Amino acid sequence: MKEWQCVQVGHHKNVGETIETWQKNGWQLHTYVCAGNATVAMGTVHYLLFEKET
């Protein structure tokens with residue numbers, strides 16, 4: 001069975017650091033999606049979906 005966690009990252013410069021941190025804790029990056037929205041204060045948002053065997 002797998003466990004899943006979705007993480008939202010506000011700025012692209014934090015994506016690599018976030019992936020490193022989660023991988024050190026036993027998670028693997030499954031999917032990475034970037035979505036932009038001019039009406040949102042953050043502009044572009046990055047979503048990372050991690051998986052881990054339980």
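## Exercises on a predicted three-stranded sheet with one helix

His46 is buried, with a relative accessible area of 5%, where buried means under 20% relative accessible area, exposed over 50% and partly exposed in between, using a 1.4 Å probe and protein chains only. The model is predicted, so local features need pLDDT of at least 70 and side-chain atom pairs count only at pLDDT 80 or more, while totals for chains, interfaces and linings use all residues. Residues are numbered from 1 along each chain as its sequence is written, and side-chain values use heavy atoms, with hydrogens and water left out.

### Exercise 1: the elements and their order

Task: State how many helices and strands the protein has, and in what pattern they follow one another along the sequence.

Solution. Begin with the elements themselves: helices (H or I, at least four residues) and strands (E, at least two) are DSSP runs, numbered from the N terminus. By this rule the protein has one helix and three strands, and reading along the sequence gives the pattern β-α-β-β. As for the overall extent, the C-alpha atoms fill a box of roughly 40 × 20 × 10 Å along the principal axes, and 20% of the 54 residues count as buried.

### Exercise 2: the sheet and the helix

Task: Work out the order in which the strands lie in the sheet, and find which strands helix α1 touches.

Solution. Two strands pair if DSSP finds at least two bridges between them. Applied here, the three strands form an open, antiparallel sheet in the order β1-β3-β2. Strands β1 and β2 (28-36) stand at the edges with a single partner strand each, so one side of each has no neighbour in the sheet. From one strand to the next the twist averages 15°, where axes are lines fitted to C-alpha atoms, for helices over the stretch in contact, and angles run from 0 to 180 degrees between N-to-C directions.

Next take the pairs of strands in turn. Strands β1 and β3 pair in the antiparallel sense over eight bridges; in this pairing Glu3 has Lys52 of β3 as its bridge partner, and Gln8 stands opposite Tyr47 in β3. Strands β2 and β3 also pair in the antiparallel sense over eight bridges, and Gly36 stands opposite Thr44 in β3.

Last comes the helix. Helix α1 (residues 15-24) packs on the sheet and touches β1, β2 and β3, its direction making about 15° with that of β3; contact means heavy atoms within 4.5 Å.

### Exercise 3: the surroundings of His46 and the core

Task: Describe what the side chain of His46 reaches, and list the residues of the largest nonpolar core.

Solution. His46 is found in strand β3, and its side chain reaches the backbone nitrogen of His12 at 3.4 Å. Leaving aside neighbours within four places in sequence, the residues in contact with His46 include Val7, Val9, His12, Val15 and Tyr32. Val15, with the same kind of neighbours left aside, is in contact with Val9, Tyr32, His46 and Leu48.

A nonpolar core is a set of buried Ala, Val, Leu, Ile, Met, Phe, Trp, Tyr and Cys residues joined through side-chain atoms within 4.5 Å. The largest such core has seven residues, namely Val7, Val9, Val15, Ile19, Trp27, Leu48 and Phe50, and the elements giving two or more residues to this core are β1, α1 and β3.

### Exercise 4: the salt bridge

Task: Find which residue forms a salt bridge with Glu51, and say where the two partners lie in the chain.

Solution. A salt bridge is a side-chain nitrogen of Lys or Arg within 4 Å of a carboxyl oxygen of Asp or Glu. Side chains of opposite charge can pair when their charged atoms come close. The structure holds one salt bridge: Glu51 forms it with Lys2, the closest N and O atoms being 2.8 Å apart. The pair links distant parts of the chain, with Glu51 in strand β3 (residues 44-53) and Lys2 in strand β1 (residues 2-9), 49 residues apart.

Then compare how far each partner is covered: Glu51 counts as buried at 11% relative accessibility, whereas Lys2 is partly exposed, with a relative accessible area of 40%. Not counting residues up to four places away in sequence, Glu51 touches several residues, among them Lys2, Glu3, Trp4 and Trp27. By contrast, the C-alpha atoms of Glu51 and Asn37, 14 residues apart along the chain, are separated by 27 Å.

Methods. A polar contact is a pair of N or O atoms within 3.5 Å; within protein, one must be able to donate a hydrogen and the other to accept it, and residues adjacent in sequence count only if both atoms are side-chain atoms.
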